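Please work through the following exercises with the sequence and the model open side by side. Each task is followed by a solution that goes step by step.

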Protein chains: 2
Amino acid sequence: MKYPSFDHFFMTLGNKQRVRMLQLLNVEGPQSVSDISRALNVEQSAVSHSLQHLLQCHFVTVKQDGKERIYSINEDTVAPLFGQIRKHVEKYCVAGCDHSWESDKEVTYGHKRQTA
Amino acid sequence: MKYPSFDHFFMTLGNKQRVRMLQLLNVEGPQSVSDISRALNVEQSAVSHSLQHLLQCHFVTVKQDGKERIYSINEDTVAPLFGQIRKHVEKYCVAGCDHSWESDKEVTYGHKRQTA
DNA sequence: ATTTCATATGACCATATTATCATATGTATA
DNA sequence: TATACATATGATAATATGGTCATATGAAAT
C-alpha cells in the first residue's frame, strides 16, 4: 500500500510501538535491533518490522556493524520535530486528552436510544 | 479506549481522512460539518465521527452558529506544527517515501522462500 | 563450507480502526 | 408544539494494521 507522503508520515507515527522506539533512540542513542528488542521487551521480528516502517519515512537510519545493524534517529528533522510536538501535547494533553473543548458552551447529546 | 497523550496525538493524525480535514480547515478556514462533508465528499456522520477525534486532541475547536457548528483549526499549535512537519516531508518524502535509506550500502534480502 | 549469531521477510491470525446505517439530539422557526 | 434542517451517536459490518511464527538471508568465524 502507498500513501501520499504526508499521510504516510502520520500513519507511521500512529503506533505506540514505533513511537516508543523513536523515543528510545532519541534518549539512549543508536541501538542495534537486539538492543531495542531487549529494551522494549518486544520480539525481534516485531522490532524489525517496525524499523522498516520508520526507515521508509526516514525517521531513522541504519548502518552495518559486523553482524549487527545499528539504528539511529534522524537528528536533522525528527528530533526538533518532537520538540514542537511536545509543545502541543504539554499544553493540550496534560492529563490525557479530555473533552473540555467546547468553545461556546457544553453541548452533550445524552442518549436514551431504544435498540429497536 | 485511552492512550497516553503522546500516543493519542499520533494515533489521531494517523488517518488520511482526518489529516485531510485539518488541511482543509488550515487552507480554507473555519467550516461547518456540512461544508466539510461537501468539500471532501464524505458522509456527514463520518465527518462528525472524525471531528470528535480531532476535538479530543484539541487539533480543532468548535463554536455554535445557529443550527450549524463551525470547526476551526487550532492556530496556536497545530498550524506551526504542520510547518515543521512539512520540512521533514519535503526533504525526505519528496516522491513518496522511497527505500534509499541505507547508510552504508544496499542490503536486500531477496527471497526465494518455498511455501511449504 | 559449515556453523552460529543477528536481522529481515512472508504468511497468517488476532485485533484495532474506519465506514455506514439508522436514529437521536440540538436549534430555529412557523 | 410541530416541523425541518444540522449534527452527533451507537451498533455493527467491512477493512486495515500489528504481532507471531517459521524461516530465509547476511556477516563473521571456525
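**Exercise 1. The nonpolar core**

Task: Find which residues touch the most other members of the largest nonpolar core, and list what F59(B) is in contact with.

Solution: In this predicted model, a nonpolar core is a set of buried Ala, Val, Leu, Ile, Met, Phe, Trp, Tyr and Cys residues joined through side-chain atoms within 4.5 Å, where buried means under 20% relative accessible area, exposed over 50% and partly exposed in between, with a 1.4 Å probe and protein chains only. The largest such core has 56 residues, and F59(A) and F59(B) are the members that touch the most others. Contact means heavy atoms within 4.5 Å; once neighbours within four places in sequence are set aside, the contacts of F59(B) include H88(A) from chain A, as well as F9(B), L13(B), L22(B), L54(B), I73(B) and V78(B) from chain B. In soluble globular proteins, nonpolar side chains tend to be buried together.

**Exercise 2. The sheet of chain B**

Task: Establish the strand order in chain B and what lies on the sheet.

Solution: Helices (H or I, at least four residues) and strands (E, at least two) are DSSP runs numbered from the N terminus, and two strands pair if DSSP finds at least two bridges between them. The three strands of chain B form an open antiparallel sheet in the order β1-β3-β2. Because β1 and β2 of chain B each have a single partner strand, one side of each is left without a neighbour in the sheet. Helix α2 (residues 16–28) of chain B packs on this sheet and touches β1, β2 and β3 of chain B, its direction making about 90° with that of β3(B); axes are lines fitted to C-alpha atoms, for helices over the stretch in contact, and angles run from 0 to 180 degrees between N-to-C directions.

Turning to the pairings, β1 (residues 31–32) of chain B is joined to β3(B) by two bridges, with S32(B) partnered by I70(B). Strand β2 (residues 60–65) of chain B pairs with β3(B) over six bridges, and here V62(B) has Y71(B) as its bridge partner, while T61(B) stands opposite S72(B). The hairpin of β2(B) and β3(B) has two residues between the strands, and G66(B) takes a positive phi near 65° in it. Five of the six residues of β3(B) (residues 68–73) are buried.

**Exercise 3. Helix α5 of chain A**

Task: Check the span of α5(A) and ask how confident the prediction is there.

Solution: The expected span is 1.5 Å times one less than the number of residues, so the 15 residues of α5(A) (residues 78–92) should span 21 Å, which agrees with the 21 Å between its end C-alpha atoms. Among its buried residues are L81(A), I85(A) and V89(A). pLDDT is the predictor's confidence in each residue, from 0 to 100; its mean in α5(A) is 79, the lowest in chain A, whereas β1(A) has the highest, at 98. Over residues 95–116 of chain A, pLDDT stays under 50.

**Exercise 4. Two positive phi values**

Task: Are N41(A) and H58(A) buried or exposed?

Solution: N41(A), which is not a glycine, has a positive phi of about 60° and sits in the loop between α3 (33–40) and α4 (44–56) of chain A; it is exposed, at a relative accessible area of 71%. H58(A) also has a positive phi, near 60°, in the loop between α4 and β2 of chain A, but H58(A) is buried, at 12%.

**Conventions**

Residues are numbered from 1 along each chain as its sequence is written, while chains are lettered from A and ligands numbered from 1 in the order in which they are written. Local features need pLDDT of at least 70 and side-chain atom pairs count only at pLDDT 80 or more, whereas totals for chains, interfaces and linings use all residues; side-chain values use heavy atoms, with hydrogens and water left out.
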